[in-house]
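These are my notebook entries from an afternoon of looking things up in one structure. I wrote them in the order in which I checked each part.

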Amino acid sequence: MNKGIAVIIISILLVIGSVYELILVTSSIDEVVTKSNDIIVKLNSGDTTENVLSELDDLFVFWNDRERVMCLFINHRDMEKVGEYMQKARSYLQESDEEKALEEIKLLSYQINMFKHQSEFNAQNIF
Amino acid sequence: MFTSIIRCFIIYIVALIVMRVMGKRQIAQMQPFEFVITLIIADLATIPMSDTNIPLLNGIIPLFTLAVIHFIFTLTCCKCNKWRKFVNGNPMIVIDPDGINEENLKKMYLNICDVIEACRNAGFFNLDDINYALLETNGTLSVLPKSDATPLTRGDMNIKQDEVGLGTILITEGKYSLENLELTGIDKEKIEKFIKKHNVDDYKNVTLLMQYDDGIYFKVKNEKVKFLQSESLN
């Protein structure tokens with residue numbers, strides 16, 4: 001009976017953990033994608049460097065905050081790449097190289113979307 | 001390095017918990033589905049141990065999932081014979097009173113030499129001593145010897161013998177086994193008197209004190225063991 005109870009508790013925790021992971025990863029990724037798309041739009045529309053940098057800093061703060069929890073579920077090396085793209089974009093913007101900054105932001109968006117695809121519950125991921 | 005050490009520790013504890021949840025069956029002779037799970041656990045545990053980039057949960061969650069799967073399989077095997085046969089298979093008779101059962105050997109893709117080796121491992125060097133030999137679902141060979149080849153027992157010689165019970169540990173490695181003291185109704189004072197009678201001042205020097213039906217097994221540190229026939233602490 002004790003073993004049965006332990007197994008039931010483990011099963012419930014596994015389900016709750018899986019749901020939590022799905023919700024957390026999806027919401028974080030959606031937020032990052034939205035913010036990075038805003039930055040891309042601003043860069044394409046020729047907005048001031050200060051505004052874009054400010055958006056990028058917001059994104060960076062948001063990412064740092066979520067990274068601590070998302071590291072529990074996503075490969076750490078892949079997570080570091082996101083930070084790397086943000087830093088590179090920041091450096092390019094400071095040097096007023098908006099084209100390269102835009103490339104880095106697009107790579108960032110792609111990487112983030114990859115996390116979303118990997119964490120989704122679908123047949124493709126199972127097989 | 002500290003990270004690797006702590007990760008290793010955590011994975012080890014989790015694997016231990018999982019093995020305990022799966023129970024003693026896992027440690028004894030394994031059924032096929034248990035063997036599979038044991039192999040997988042070994043690999044799952046090492047992957048996040050060795051690569052610190054992989055989240056620890058990537059190893060822990062599959063381990064717990066396997067424990068749940070194992071429990072479900074064990075439970076369903078207990079409740080449903082058909083399912084049990086499907087998962088574990090059936091034991092097969094490889095030797096019967098007519099000799100080696102070639103048909104069953106063929107079904108299991110077994111060689112006669114494999115059977116002879118298994119018989120030797122079971123302690124039977126002469127196949128003529130075997131009445132039945134069964135290949136169990138966990139791969140072991142069970143042998144029913146012929147009456148002539150069975151060891152003589154007291155029953156065969158009509159020698160009466162009182163039943164012998166299990167021994168009870170009272171002191172082990174210098175510590176009282178409180179649960180057993182309560183079970184047997186033996187109190188510490190009786191034990192203290194007993195050990196003083198045998199020139200032992202402190203129970204902490206006793207390696208092992210066990211009460212049997214027919215005597216007491218008494219081992220003190222750095223001294224020769226004594227079996228005190230017909231003595232009892234009850």
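**Entry 1: the sheet in chain B**

I began with B:Ile216, and I found that its bridge partner in strand 9 of chain B is B:Leu228. I kept in mind throughout that this is a predicted model.

I then looked at how the two strands around this pair are arranged, and I noted that strand 8 and strand 9 of chain B pair in the antiparallel sense over 4 bridges. They form a hairpin with 5 residues between them, and in the turn B:Asn222 has a positive phi of about 60°.

On the other pairing I looked up, strand 7 (residues 206-212) of chain B is joined to strand 8 (residues 215-220) of chain B by 6 bridges, and these two strands also run antiparallel. Here I wrote down one facing pair, in which B:Leu209 stands opposite B:Phe218 of strand 8 of chain B.

In what order do the strands form the open sheet of chain B? I read the order as 6-5-7-8-9, which makes 5 strands with antiparallel pairing. Strand 6 (175-176) and strand 9 of chain B stand at the edges with a single partner strand each, so one side of each is left without a neighbour in the sheet.

**Entry 2: one residue in strand 5**

Is B:Thr168 buried or exposed? I placed B:Thr168 in strand 5 (residues 168-172) of chain B, and with a relative accessible area of 15% it is buried, because buried means under 20%. Leaving out residues up to four places away in sequence, I listed what B:Thr168 touches, namely B:Asn180, B:Thr184, B:Leu209, B:Met210 and B:Gln211. One of these, B:Leu209, is the residue I had already met opposite B:Phe218.

**Entry 3: salt bridges**

I counted salt bridges next, and the structure holds 9 over all chains; I followed up some of them in detail.

In chain A, I looked at A:Lys88 and A:Glu84, whose side chains meet in a salt bridge at 3.6 Å from N to O. Why can these two residues be about one helical turn apart? They are 4 residues apart in helix 3 (residues 76-94) of chain A, which means a separation of about one helical turn. A:Lys88 is partly exposed at 35% relative accessible area, and A:Glu84 is partly exposed at 40%.

In chain B, I found a salt bridge between the side chains of B:Lys196 and B:Glu192, at 3.8 Å from N to O. This pair, too, is 4 residues apart, in helix 8 (residues 188-197) of chain B, and is separated by about one helical turn. I noted B:Lys196 as partly exposed at 48%, and B:Glu192 as partly exposed at 23%.

I then turned to B:Glu231, which forms a salt bridge with B:Lys197, the closest N and O atoms being 3.9 Å apart. B:Glu231 lies in the segment after strand 9 (226-229) of chain B while B:Lys197 lies in helix 8 of chain B, so this pair ties together parts that are 34 residues apart in sequence. B:Glu231 is partly exposed at 25% relative accessible area, whereas B:Lys197 is exposed at 58%.

**Entry 4: nonpolar cores**

Which residues have the most contacts inside the largest nonpolar core? I found that this core has 29 residues, and that the ones with the most contacts are A:Trp63, A:Met70, A:Ile112 and A:Phe115. The elements giving two or more residues to this core are helix 1 (2-44), helix 2 (49-70), helix 3 and helix 4 (98-119) of chain A, and the largest share, 8 residues, comes from helix 1 of chain A.

I followed A:Ile112 further, and, leaving aside neighbours within four places in sequence, A:Ile112 is in contact with A:Ile29, A:Val32, A:Val33, A:Trp63 and A:Val82. I also recorded a second, separate core of 19 residues, which includes A:Ile10, B:Leu56, B:Ile60 and B:Leu66.

**Entry 5: the surface of chain B**

Finally I looked at a nonpolar patch on the surface, with about 1,100 Å² of accessible area together, whose members include B:Met1, B:Phe2, B:Phe9 and B:Leu16. B:Leu16 lies in helix 1 (residues 2-22) of chain B and counts as partly exposed at 42% relative accessibility.

My last check was B:Cys113, which sits in helix 6 (residues 112-121) of chain B and counts as exposed at 52%. Its C-alpha atom is separated by 51 Å from that of B:Val206, which is 93 residues away along the chain.

Definitions and conventions: Residues numbered from 1 in each chain as written. Chains lettered and ligands numbered in written order. Predicted model: local features only at pLDDT ≥ 70, side-chain atom pairs only at ≥ 80, totals over all residues. Heavy atoms only, no water. Salt bridge = Lys/Arg side-chain N within 4 Å of Asp/Glu carboxyl O. Buried < 20%, exposed > 50% of the residue type's maximum accessible area, 1.4 Å probe, protein only. Pairing = 2+ DSSP bridges. Patch = residues over 30% accessible without salt bridge, like charges linked within 9 Å, V, L, I, M, F, W, Y side chains within 5 Å. Areas by Shrake-Rupley, 256 points an atom, 1.4 Å probe, with all protein chains shown as cover. Core = buried A, V, L, I, M, F, W, Y, C linked by side-chain atoms within 4.5 Å. Contact = heavy atoms within 4.5 Å.
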